[in-house]
Amino acid sequence: MNKFMKKTIASMLAAASIAGAGSVTASAASYKAWSVYQNQGAPTSANKYTDTVSGVATGYTLSAYASSYSMSSSSNCVYVYSSKGIDANITGTSSYPSCTIKPGESFVVSLTLKINDNSYLTNKANGNVGY
Amino acid sequence: MRKNKALNLIVFAFIMLMCSSCADVPENVKNDMSQYNGQADIFMNQNEYQYIDVSDIAEDFKSALEGEYGQFEVSKEIIIPNSENICTMEFEYVDNFHENADEIFKIFFDDEVLKKQTIIDDDSMQRMVTREFYNKQDKVYCCVGNNGFTAMLLPSAFDNSFSRSSTVIKTYHIDRNEISEDAYTLSDGECTVKEAVNFVNDWLNTKWKPFESYYDFSVKTVMVRELKEKCYFDFVVEKYYNGIPLDEISDSVMSEDENGCPYVKHTFSSIRINMMNCCEISSFTSLNGIIKPIQSASVNSILSLESALKLCQSTFSDFKAMIISDINIKYSLLPQYNYLGEEITYGNVIIINSAESDTQAGVKVLSRPVWEIIIDVPSSEYGTSSEFNQYGDIKKYICIDVQTGEIYYRLSLSEVLKFAK
């Protein structure tokens, strides 16, 4: 795990918060971190939650990524979209796709949590634009 | 001339045909305003809404401002725009702009600084080729991309970079004639808003203009930000094509296609400059890159402002009182790019690997002239004075296509804050 990964994971965990059972939160405290998640224990179907973050990159090379975990069903998924595209030669592990954004460049990154079944879920998708 | 008249008649007849076959604002549109963000396809009732000749805009504007529009109160301070050359436009992101890099470096840095820099050509990214240098030791950075993206940092702005997190202590709307003699203490001493604005406007229209010759440039807004017990000016610059500004407020508005795939529907074209020392371009960014006009067709008649405001009144009927702070005609910008790409799956994560970025060199951008109706959001609506205020210039907006009456809007405070500049 490289230095970047450690930093982004730390900020990802810091961004996590708990909503009431069954409720869904899509938040963007700043343009650097955002999350979309469904709290545990809520039966749901065919739902989709999106959060979008935009801004101007401040660091030399930035990465946008998303991760998902504690998925109870393989039919649940997270979509990641970046207006700048996701670079084909992805850096990091498969869980951390990224796109490079130059300092001063305007960007928009969207993260979507899509739930396709009626499972009880503990789902969360996090994103970060940092360096 | 005769051909133009005939064409106008055909267009007019087509619009009238559309209007006559459509109902008033649908109830489901009225009832679906809970998110206060999105678009509404409205077709106008011909008896209720009027079209005017573009040469009558000033007169129409003046009389419209005296009208009453229910929940919308129109500010008496609004300046009548000079908008007689209205067109539907097509733009395109420039290509090979990085070939200007060495010339651009020279407008920001002197030879002594440039001699010490290691300039690299970066073609490692799929979507943009750049020529650039980034020197942490000297605290200088400049990057020029093939799509017109240009960003620069002088030592005075290097640590702050392009951050927008500093507290905004005052905002000046220069486009509303708020050109002030107020002075602030920048890093190297006192500087008035007026001299700073004059310097930036002059610099843009002389030094920068050769690289983006299609436009005139004008500071739209100045935010005075506080940093380490000093201030700096944060400028939002508008680009004018034949007297009409390009959209600078719709900060990459996302939409979804019929399959739920996200894409950027509305984009913007603007320049952002920070001034840390008096009369110095301390940081510069063209944000998305540069679009150049490639096609235009004149528009001879437009929806009258009175009709546009009535349309707002009937469409947003569930809204409480709102004060309209500003009204303009501007060019909306709709990038036409291949956003679908391919889906790559990693476990439960699906990445939309876009074939194109919305700002990539060569991407076409369709443009429609729209009435832009601005609703300023006072800071009391999104925080108290004791709270950290990094926003500074918060605006809700409603845009109405001057030909079709199609509406898109951003009236949700949370969305406005998310995309705040």
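In this predicted model, strand 13 (residues 230-241) of chain B is joined to strand 17 of chain B by five bridges, and the two run antiparallel. Within that pairing, Val237(B) has Ile271(B) in strand 17 as its bridge partner. Strand 17 also pairs with strand 18 (residues 283-285) of chain B, again antiparallel, through three bridges. Here Ile273(B) finds its bridge partner in Phe284(B) of strand 18.

Strand 17 itself (residues 271-275) is pretty well hidden: five of its five residues are buried, so the rest of the structure largely encloses this strand. In a regular strand, side chains alternate between the two faces of the sheet. Strand 17 of chain B has Ile271(B), Ile273(B) and Met275(B) pointing one way, with Arg272(B) and Asn274(B) pointing the other, and all of them are buried. The buried set thus takes in Arg272(B) and Asn274(B) as well as the Ile and Met residues.

Just past strand 17 comes the disulfide. The structure holds one over all chains, and it links Cys191(B) to Cys278(B), with an S to S distance of 2.4 Å. The link is right-handed, with 60° about the S-S bond. Cys191(B) sits in strand 11 (residues 189-192) of chain B and Cys278(B) in the loop between strand 17 and strand 18, so the pair ties together parts that lie 87 residues apart in sequence. A disulfide is a covalent bond between the sulfur atoms of two cysteines. As for exposure, Cys191(B) is buried, at a relative accessible area of 1%.

Two other cysteines stay out of any such link. Cys312(B) is in no disulfide, and the nearest cysteine sulfur, belonging to Cys399(B), is 9.6 Å away. Cys312(B) is buried, its relative accessible area being 0%. Seen from the other end, Cys399(B) is in no disulfide either, with the sulfur of Cys312(B) as the nearest cysteine sulfur at 9.6 Å. Cys399(B) is likewise buried, with a relative accessible area of 0%.

Cys312(B) belongs to the buried part of helix 8. This helix (residues 305-315) of chain B is mostly covered, with eight of its eleven residues buried. Besides Cys312(B), the buried residues are Leu305(B), Ser307(B), Ala308(B), Leu309(B), Leu311(B), Ser314(B) and Thr315(B).

Helix 4 (residues 101-108) of chain B is worth a look too. Its buried residues include Ala101(B), Ile104(B), Phe105(B) and Phe108(B). These cover an arc of only 105° around the axis, which puts them on the same side of helix 4. The buried residues of this helix pack against a mix of elements of chain B: helix 5 (111-115), strand 6 (130-135), strand 7 (140-145), strand 8 (150-153), helix 7 (193-208) and strand 18.

On the hydrophobic side of things, the largest nonpolar core has 99 residues, and those with the most contacts inside it are Trp208(B), Phe233(B), Trp371(B) and Ile398(B). Helix 7 of chain B supplies the largest share of this core, seven residues. Apart from this core lies another, of 15 residues, among them Val56(A), Cys143(B), Leu153(B) and Met276(B). What does Ile398(B) touch, leaving aside its neighbours within four places in sequence? The aromatic partners of Ile398(B) include Phe72(B), Phe316(B), Trp371(B), Tyr408(B) and Tyr409(B). Ile398(B) is also in contact with Cys312(B), Glu372(B), Ile373(B), Ile375(B), Ile407(B) and Leu411(B).

Asn288(B) brings chain A into the picture. This residue lies in the loop between strand 18 and strand 19 (291-298) of chain B. Is Asn288(B) buried or exposed? At 3% relative accessibility, Asn288(B) counts as buried. A polar atom of the Asn288(B) side chain lies 3.1 Å from the backbone oxygen of Phe268(B). Setting aside neighbours within four places in sequence, Asn288(B) is in contact with Lys84(A) and Ser106(A) from chain A, and with Tyr93(B), Asn147(B), Thr267(B), Phe268(B) and Thr359(B) from chain B.

Chain A has one helix and seven strands, in the order α-β-β-β-β-β-β-β from the N terminus on. Buried residues account for 56% of the 131 residues in this chain. Among contacts in chain A with a separation of 6 or more, 75% come from residues 24 or more positions apart.

How values were computed. Residues are numbered from 1 along each chain as its sequence is written. Chains are lettered from A and ligands numbered from 1 in the order in which they are written. This is a predicted model: local features need pLDDT of at least 70, side-chain atom pairs count only at pLDDT 80 or more; totals for chains, interfaces and linings use all residues. Side-chain values use heavy atoms; hydrogens and water are left out. Buried means under 20% relative accessible area, exposed over 50%, partly exposed in between (1.4 Å probe, protein chains only). Helices (H or I, at least four residues) and strands (E, at least two) are DSSP runs, numbered from the N terminus. Two strands pair if DSSP finds at least two bridges between them. The arc is that of the directions from the helix axis to the C-beta atoms. Contact means heavy atoms within 4.5 Å. A nonpolar core is a set of buried Ala, Val, Leu, Ile, Met, Phe, Trp, Tyr and Cys residues joined through side-chain atoms within 4.5 Å. A disulfide is a pair of cysteine sulfur atoms within 2.5 Å. A polar contact is a pair of N or O atoms within 3.5 Å; within protein, one must be able to donate a hydrogen and the other to accept it, and residues adjacent in sequence count only if both atoms are side-chain atoms.
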